[in-house]
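Colleague: Could you take me through the aromatic pairs in this model and the part of the fold around them? I would enjoy a close look at that one region.

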Amino acid sequence: SGCWNWLLVNERTFFGFNLEHQVNEKLILGATYLRLLEQPLTIKSNYGNETVNNTIIGFNLNSDLAII
């Protein structure tokens, strides 16, 4: 059965990007998007080989402002 493992290959897609916008010289806003998708080549899946469909969205703030 070990020689047939190449037939069990899944289709995997990993995609992501990061956007940043400089509002002014002391403030930068950003956002990140990540996506992981995995699908088997056959419709039927075995236990432990379920499909994966994950999405992560994040936001960030980079500031040089003094907080009193």
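Modeller: Gladly! The count of aromatic pairs comes to 3, where rings of Phe, Tyr and Trp (its six-membered ring) pair if their centres lie within 6.5 Å, and planes under 30 degrees apart count as stacked, over 60 as edge-to-face and the rest as tilted. Take Phe-15 and Tyr-33: their ring centres are 6.5 Å apart and their planes stand at 65°, so this pair is edge-to-face. It connects distant parts of the chain, with Phe-15 in strand β1 (residues 10-24) and Tyr-33 in strand β2 (residues 27-40), 18 residues apart. Strands here are DSSP runs (E, at least two residues), numbered from the N terminus. Ring pairs also bring in Phe-17, giving a cluster of Phe-15, Phe-17 and Tyr-33.

This is a predicted model, in which local features need pLDDT of at least 70 and side-chain atom pairs count only at pLDDT 80 or more, while totals for chains, interfaces and linings use all residues. Residues are numbered from 1 along each chain as its sequence is written, and side-chain values use heavy atoms, with hydrogens and water left out.

How covered are the two rings? Phe-15 has 45% relative accessibility and so counts as partly exposed; Tyr-33, at 24%, is also partly exposed. The cut-offs are under 20% relative accessible area for buried and over 50% for exposed, with partly exposed in between (1.4 Å probe, protein chains only).

Now the strands that carry them. A hairpin joins β1 to β2 through 2 residues, and 14 bridges hold these antiparallel strands together; two strands pair if DSSP finds at least two bridges between them. One contact along this seam is Glu-20, whose bridge partner in β2 is Gly-30.

On to the wider sheet: 3 strands form an open, antiparallel sheet in the order β1-β2-β3. β1 and β3 (52-63) stand at the edges with a single partner strand each, so one side of each is left without a neighbour in the sheet. Between β2 and β3, which run antiparallel, there are 12 bridges. Among the facing residues, Leu-29 has Leu-61 of β3 as its bridge partner, and Arg-35 stands opposite Thr-55 in β3.

Finally, have a look at Leu-34, which also sits in β2. With 31% relative accessibility, Leu-34 counts as partly exposed.

Note on methods. Helix = DSSP H or I, 4+ residues; strand = E, 2+ residues; numbered from the N terminus.
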